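Colleague: Before we discuss the fold, could you put the model up and take me through how its elements are arranged?

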Amino acid sequence: MKLNHKGRYNQRLIALAPSITSAFLLSAALVALTSCQSESIALAASEMRVSKSVEASQSAVSQPTSNQTAVSPSSDKVQTTINQQAQQQVTQIANQIKQSLLTNNYQAITPYIHPTKGVRFSMYAYVQKDKDKVFTPAQFEQYLKESRIKFTWGEKDGTGDLYITTLPDYLKHWASDGLDKVDSDSISYNAFQSLGNSLNNLKKAYPDSDFVEFYFPGTDEYSGMDWRALRLVFEAYQGRNYLVAIINDQWTI
């Protein structure tokens, strides 16, 4: 049977159908594969960016900045200036108190006494907080005027005799002993120039204090065993430095 033109066309189309279907499926598969690869690449790139971002954040946290580690030279200079000013102020006050002791002008010491702690008197280097005499500014001024009232200041080294006398007499004959022989080279700030046999607990008794020591090295006649030291101890209070202790030191047995 002969096929017309339309019939032959349909017959060819049917013969080519499997090839067309395969080509279409192959094309669709390639498109899908390309899409998956693109998504995988995009996802990998995204994960890489996130990883780098996290690493950068961790690095920023773990690594100290220059502001955290660097010490400003200007800050050191400021602190040094503050320390120098404090030393100058304390030393100046100490010299004024020394001059008042030498001239028996004890009233002039009153304004320098600590307003709340008062001033302690220690006969020797070891501060005895349970025995040493302590006077408030008002008491100090009062007992300067009432010069007949006597106090027990402690025990004399060697003999153990009680030292009993008035406040003015103590300042003149004990606290000021050897002070007139101290020269400018024998004045120290927060430093001990000589240590005797008695224990020195100044820094333990007054850990937040500054002190000025006036030191007399003694004479050749006594091989320096007649040395004397006067230590004036200061503490800061409401922006000022006040006298909290007058400590004497000398050779002891």
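Modeller: One definition first: two strands pair if DSSP finds at least two bridges between them. Please also keep in mind that this is a predicted model.

Colleague: With that meaning of pairing, in what order do the six strands of the open sheet stand?

Modeller: The pairing in this sheet is mixed. Strand 1 (residues 119-122) and strand 8 run parallel over three bridges, whereas strand 7 (residues 228-237) and strand 8 are antiparallel over ten bridges. Three bridges also join strand 5 to strand 6 (residues 210-216) in the antiparallel sense, and the order of the six strands is 2-1-8-7-6-5.

Colleague: Which strands stand at the edges of that sheet?

Modeller: An edge strand has a single partner strand, so one side of it is left without a neighbour in the sheet. The strands in that position are strand 2 (133-135) and strand 5 (187-189).

Colleague: Which residue of strand 8 is the bridge partner of Phe 121?

Modeller: Strand 8 covers residues 240-250, and ten of its eleven residues are buried, that is, under 20% relative accessible area. Strand 8 pairs with strand 1 in the parallel sense, and the partner of Phe 121 in strand 8 is Ile 246.

Colleague: In the hairpin of strand 7 and strand 8, which residue takes a positive phi?

Modeller: Ala 236 stands opposite Asn 241 in strand 8, and the hairpin has two residues between the strands. The residue with a positive phi, near 50°, is Gln 238.

Colleague: How are helix 4 and helix 5 oriented to each other, roughly parallel or roughly perpendicular?

Modeller: The axes of helix 4 (residues 137-145) and helix 5 (residues 167-175) come within 7 Å and cross at roughly 90°. Angles of 65 to 115 degrees count as roughly perpendicular, and the two helices are therefore roughly perpendicular.

Colleague: Of which class are the six residues in the contact of helix 4 with helix 5?

Modeller: Helix 4 brings Phe 140, Tyr 143 and Leu 144, which meet Leu 167, Pro 168 and Leu 171 of helix 5. The contact has no polar and no charged residues, and its six residues are nonpolar.

Colleague: What angle does the direction of helix 5 make with that of strand 8?

Modeller: Helix 4 lies across strand 1 and strand 2, running at about 100° to strand 2. Helix 5 packs on the sheet as well, where it touches strand 1, strand 2, strand 7 and strand 8. The direction of helix 5 makes an angle with that of strand 8 of about 60°.

Notes. Residues numbered from 1 in each chain as written. Predicted model: local features only at pLDDT ≥ 70, side-chain atom pairs only at ≥ 80, totals over all residues. Heavy atoms only, no water. Buried < 20%, exposed > 50% of the residue type's maximum accessible area, 1.4 Å probe, protein only. Helix = DSSP H or I, 4+ residues; strand = E, 2+ residues; numbered from the N terminus. Axes fitted to C-alpha atoms, helices over the stretch in contact; angles between N-to-C directions. Parallel < 35°, antiparallel > 145°, perpendicular 65-115°, else oblique. Contact = heavy atoms within 4.5 Å. Nonpolar A, V, L, I, M, F, W, Y, C, P; charged D, E, K, R; others polar.
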